[in-house]
Amino acid sequence: MEKRRISRILARADGAAVKRLADEIKAVQSPVIVKAPEKSLAMIRMREPVQESLFYLGEVIVCEAIVDLAGKKGVAVLMGDDFDKVLDMAVIDAACNAGVFARYDELERLEREQKIQLEKERAMFLKTMVSFHSMDSEVAP
Amino acid sequence: MAYVAVSGGEEAIEASIALLNYYRSGTDKDLDLEVIEEKMSLLVDRVMSEAGLYSKRYAALALKQCEGSSDEAVFLLRAYRSTLKRSYDTRVVNTQDMRIARRISAAFKDIPGGQVLGATYDYTHRLMNFSLETEDAPALQKKMRDLVQSQTPVEAPDSPRVSDTLKDEGLIDRFPANDEKPFDVTQNLLEFPAPRSARLQTLSRADTGFISGLAYSVLRGFGQVHPTVGELRVGAVELEVPYLENPEESLYIGDVLLTEVEVFNEADDKNQLKLSCGYGAVFGRNENKAIAMAVLDHELSTTGDFPTQNDEFVLMHGDSLEMNGFISHLKLPHYVTFQSKLDAVRKTRRKTT
């Protein structure tokens, strides 16, 4: 599973769900904190569509943690300041890198739930789609 | 009466700062940060945008701390931001991938993907709703959660940019992707003429009122255009940063809510076969600011004598922190400089009498 996908699932998941996964790992492994969670900034790079150039939109506060598990590093970066969650995410990342993470089924279950939730929210927005009744064509002949 | 430079006043200043709490003490009810975040979200969005820092929770805290003053809240967030190091630039965000919550066009009624009104005050009657004086907040939350859960999940419709269609027809110029490193106004002093990246960053974090007023001046005649909103989008975009252990991979770090606008303008005198565009993008739901930004972006691309065509005028006077700081400093003691002014006036009066 790609890092992008795993991190998206975990970032969107409830902190308690992430903790349960991390606790399962910590029950049999002993991760060591390499870099305790701390806050920093990430600058958002945007592409604007007029000239297809880049600009900086603004910054977000992120927290970051690094752990070591069986000689493999685990890294997590998360918007906000939830230190417990980012540390748990780093433990899970280290377990993935060490090849000892066995709960991809749970990640896939969470992902399915998250997808349905987003699609339900989208359905609510799409209910406000305008249906125009055209009296004349706006396409030039 | 004599005027002299003075020192002192520390005790009075400390007492004054302590007295600020007096104005927050008129009720025994606390203002929960979650309440500010969730029920004052447009104010939170405005503060985040003007601070150039996306953090709902900290913006809510700043607003609580300063009794809801948006410029003080911006000051607090900027000050806090300056204590943090910057660890990452995100992967390039392309709003083509936005999870759309609202999307309209004033240029075409039929756009691929459809016009989605989303949540908007545009069509509301501006009548006071006195029932909110005693609102049942838990019931409202349950009602809206039930509404979401009752939906049938749908995939995102394909929603290409309106401008892409016009680019395909050759009516708008299409440029190749330009990956030049952007200018960062938070780390470098602006020089003029400002690069496009500096212009967009400055406008995006500008004071909402300032750029709205300038854009209004353009529309009223102190400018060249009356643009058409080609597309306005509100929605969430995903942020990713490089993964430290393998920069080929990315980590998702969260979503930010944005408002994005493209405006189309009449052709200029030199090139009457094309439309030209202006672009605006701001944190949160702030449509008028995004439109104003797009109007000014286009206006600054033209030449002429209107104030809004002067990039130093537009870009140097709209920063909330800078403008309010400078105006605010007028309240601080100017005893010596004022005495000098007074002396000059008195001397002139003596000469004339």
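User: What makes E3-E4-E5-E6 of chain B an open sheet, and how are its strands paired?

Analyst: In this predicted model, four strands of chain B follow the order E3-E4-E5-E6 with antiparallel pairing, forming an open sheet. Its edge strands are E3 (99-104) and E6 (276-283) of chain B, each of which pairs on one side only. Neighbouring strands are turned by 25° against each other on average, direction ignored.

User: Why are E3(B) and strand E4 (residues 228-243) of chain B called paired?

Analyst: Pairing requires at least two bridges between the strands. E3(B) and E4(B) have five bridges in the antiparallel sense, so the criterion is met. Within E4(B), B:Ala236 stands opposite B:Arg99.

User: What makes E2(A) a mostly covered strand?

Analyst: A residue is buried if 20 or more other C-beta atoms lie within 10 Å of its own. In E2(A), 15 of the 16 residues are buried, so the strand is described as mostly covered.

User: How do you know that E2(A) pairs with E1(A) and with E3(A), and in which sense?

Analyst: The threshold is at least two bridges. E1(A) and E2(A) share 13 bridges in the antiparallel sense, and E2(A) and E3(A) share eight, also antiparallel; both pairs therefore qualify. A:Leu41 has A:Ile61 in E2(A) as its bridge partner, while A:Asp68 is partnered by A:Lys73 in E3(A).

User: Which residues take a positive phi in the hairpins of these strands?

Analyst: The hairpin of E1(A) and E2(A) has six residues between the strands, and A:Glu52 takes a positive phi near 55° there. In the hairpin of E2(A) and E3(A), with two residues between the strands, A:Ala70 takes a positive phi near 55°.

User: Why does E2(A) count as paired with strand E1 (residues 53-54) of chain B?

Analyst: Two bridges join E2(A) to E1(B), and the strands run parallel. Because the definition asks for at least two bridges, this pair satisfies it. One of the partnerships is that of A:Glu59 with B:Leu53 in E1(B).

User: What makes E1(A) and strand E2 (residues 86-89) of chain B a pair?

Analyst: Three bridges join these parallel strands, and at least two are required, so they are a pair. A:Met43 stands opposite B:Asp89 in E2(B).

User: How many residues does each chain give to the contact, and which elements of chain A take part?

Analyst: Chain A gives 52 residues and chain B gives 68. On the side of chain A that touches chain B, two or more residues each come from helix H1 (3-12), strand E1 (32-47), strand E2 (54-69), strand E3 (72-79) and helix H4 (104-126) of chain A. By class, this side has 28 nonpolar, seven polar and 17 charged residues.

User: How do you know that domain 1 and domain 2 of chain B are in contact?

Analyst: The domain assignment gives domain 1 as 16-81 and domain 2 as 95-326 of chain B. Their centres, taken over C-alpha atoms, are separated by 24 Å. Contact is judged between residues, by C-beta atoms within 7 Å. Twelve residues of domain 1 of chain B are in contact with 14 residues of domain 2 of chain B, so the two domains touch. On the side of domain 1 that touches domain 2, helix H3 (41-51) and helix H5 (70-81) of chain B each supply at least two residues. The largest share, six residues, comes from H3(B). By class, this side of domain 1 of chain B has five nonpolar, two polar and five charged residues.

Note on methods:
Residues are numbered from 1 along each chain as its sequence is written. Chains are lettered from A and ligands numbered from 1 in the order in which they are written. This is a predicted model: local features need pLDDT of at least 70, side-chain atom pairs count only at pLDDT 80 or more; totals for chains, interfaces and linings use all residues. Ala, Val, Leu, Ile, Met, Phe, Trp, Tyr, Cys and Pro count as nonpolar, Asp, Glu, Lys and Arg as charged, and the others, Gly among them, as polar. Domain bounds come from an automatic or database domain assignment. Axes are lines fitted to C-alpha atoms, for helices over the stretch in contact, and angles run from 0 to 180 degrees between N-to-C directions. A residue is buried if 20 or more other C-beta atoms lie within 10 Å of its own, exposed if 12 or fewer, and partly exposed in between; C-beta atoms are placed from the backbone.
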